[in-house]
Amino acid sequence: MSDIRTADAMPVRRDDPDDVVARLEEDIIFGRLAPGARLTEDALMSAYGTSRHFVRQALVDAERRGIVRREKNVGATVRFYSADEVRQIYEVREMLTRQAALMIPLPAPQALIDELTALQRDYCAKADISDLRGIHEANDAFHVALFAACGNPYLVRSLQDYMNLTLPMRAKNLADREGLALSRRQHELMIELLKGRDSWALAQLCVDHMQFSKADYLARIAGEAQG
């Protein structure tokens, strides 16, 4: 659990359970806690300087988000996805993403272009100062705004569910220089494609945008299995 103690983050207030949840989520999704790592209440209490009640609350919330697994007589562990599970989850997310992108009317209205440009500016600003949580939040805000333009709120909600499900697989790449640079370039290209009429090019780019994180996670779990 030493990685939690040394992570760059503001101290947790004992009376603020939301801070405990946020810290635990960050340590998991940004790879400070490896997939399959055991999460003991005593270690988390010590790492976060908080009470057992708030640690248990954080674990329940993290389980609901799909990043922690709790089992009777085993306890809590960081959620581990097998290679088959990763591929299957991404298959669904790719189908939803492609359909949502194809449904966005092109050329997109200037209001959408302006909104995404502002969100991209915020994303880049957070990246420039290595604000990991800020990068994660700005990235998700960009994609939610983009796909909301498809006009189907139920499709958008399904996409958000799968974005949350893939958090442990994709968020670590937002701290990776190569992955972050690729993400920034692809966001800019998405905005440019929204100004044109090629829906298929936009949809394919949105699907391609996910491949770096999927490949990285699969490589990581393969390396851990060999190790």
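## A buried glutamate in H2

With a relative accessibility of 7%, Glu-25 counts as buried, because buried is taken as under 20% relative accessible area. The model examined here is a predicted one, and within this model Glu-25 is found in helix H2, which covers residues 17–29.

When residues up to four places away in sequence are not counted, Glu-25 touches Arg-65, Ile-67, Arg-133 and Leu-167.

## The three-stranded sheet

The sheet is open and consists of 3 strands in the order S1-S3-S2, with antiparallel pairing. S1 and S2 are its edge strands, each of them pairing on one side only. Helix H4, made up of residues 52–64, packs on this sheet and touches S1, S2 and S3, while the direction of H4 makes about 110° with that of S2.

Strands of a sheet pair, in general, through backbone hydrogen bonds, in either a parallel or an antiparallel manner.

## Pairing register and the hairpin

Strand S1 (residues 38–39) runs antiparallel to strand S3 (residues 75–78), and the two are joined by 2 bridges; in this pairing, Leu-39 stands opposite Ala-76 in S3. Strand S2 (residues 68–71) is likewise antiparallel to S3, with 4 bridges joining the two strands, and here Val-68 stands opposite Val-78 in S3.

S2 and S3 form a hairpin that has 3 residues between the strands, and in this hairpin Asn-73 takes a positive phi near 70°.

Notes. Residues numbered from 1 in each chain as written. Predicted model: local features only at pLDDT ≥ 70, side-chain atom pairs only at ≥ 80, totals over all residues. Heavy atoms only, no water. Pairing = 2+ DSSP bridges. Buried < 20%, exposed > 50% of the residue type's maximum accessible area, 1.4 Å probe, protein only. Contact = heavy atoms within 4.5 Å. Axes fitted to C-alpha atoms, helices over the stretch in contact; angles between N-to-C directions.
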